[in-house]
Amino acid sequence: MADVSEELELLSSLVPDDGWLTVPDIVERLDSDVPKVRRMLDERLLLGVRRGSPKVLQVPTLLVEPEPMVSLPGTLTVLFDAGFSDAEALRWLFTPDEALGCAPVEALRSNRIAPVRRRAQVLGY
């Protein structure tokens with residue numbers, strides 16, 4: 001697996017700079033508060049990486065809007081069980097997959113949860 005800086009570079013090619021939200025951005029978009037958003041990150045209901053200069057925790061907008069993806073936690077569990085880091089999991093979610101016909105995050109957004117998780121499960125074998 002690639003090192004963190006390589007993963008972040010690959011991720012930057014998949015998610016444009018304007019496709020990221022900081023914790024305060026998420027608080028505003030979800031009309032929430034910082035402790036609740038931090039809890040969502042801690043409980044893996046959302047996933048982010050430290051990026052930018054200075055390094056700030058950022059979450060791809062697609063994982064948050066129009067609302068946090070309900071299918072994300074289960075999918076992340078499969079990826080983490082396969083040994084993925086946070087950055088690797090995000091890269092996988094945003095990399096177009098020929099078998100799905102789109103990136104896994106797009107398939108999850110269109111409620112194609114089972115095919116995405118089947119694709120993720122084969123990564124661990």
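**Exercise 1. Place Trp20 in the sheet: which residue stands opposite Trp20 in strand 3?**

Trp20 has Pro60 of strand 3 opposite. The model is a predicted one, in which local features need pLDDT of at least 70 and side-chain atom pairs count only at pLDDT 80 or more, while totals for chains, interfaces and linings use all residues. Residues are numbered from 1 along each chain as its sequence is written, and side-chain values use heavy atoms, with hydrogens and water left out.

Step 1. Strands (E, at least two residues) and helices (H or I, at least four) are DSSP runs numbered from the N terminus. Strand 3 covers residues 56-60, and three bridges join strand 1 to strand 3. These two strands run antiparallel. Pairing requires that DSSP finds at least two bridges between two strands.

Step 2. The open sheet has three strands in the order 1-3-2, paired antiparallel. Its edge strands are strand 1 and strand 2, each of which pairs on one side only.

Step 3. On average, neighbouring strands of this sheet are turned by 55° against each other, direction ignored. Axes here are lines fitted to C-alpha atoms, for helices over the stretch in contact, and angles run from 0 to 180 degrees between N-to-C directions.

**Exercise 2. State how many salt bridges the count comes to, and work through three of them.**

Step 1. The criterion is a side-chain nitrogen of Lys or Arg within 4 Å of a carboxyl oxygen of Asp or Glu. The count comes to four salt bridges.

Step 2. Asp17 and Arg51 form a salt bridge through their side chains at 3.0 Å, N to O. Asp17 sits in the loop between helix 1 (4-14) and strand 1 (20-22), and Arg51 in strand 2 (residues 49-51), so this pair ties together parts 34 residues apart in sequence. For accessibility, buried means under 20% relative accessible area, exposed over 50%, and partly exposed in between (1.4 Å probe, protein chains only). Asp17 is exposed at 62%, whereas Arg51 is buried at 10%.

Step 3. Arg44 and Asp86 form a salt bridge at 2.7 Å, N to O. Arg44 lies in the loop between helix 3 (34-42) and strand 2, and Asp86 in helix 5 (residues 86-94), so the linked parts are 42 residues apart in sequence. Arg44 is partly exposed at 30%, and Asp86 is partly exposed at 26%.

Step 4. Arg119 and Asp97 form a salt bridge at 3.0 Å, N to O. Arg119 belongs to helix 7 (residues 113-121) and Asp97 to the loop between helix 5 and helix 6 (104-109), so the pair ties together parts 22 residues apart in sequence. Arg119 is partly exposed at 33%, while Asp97 is buried at 10%.
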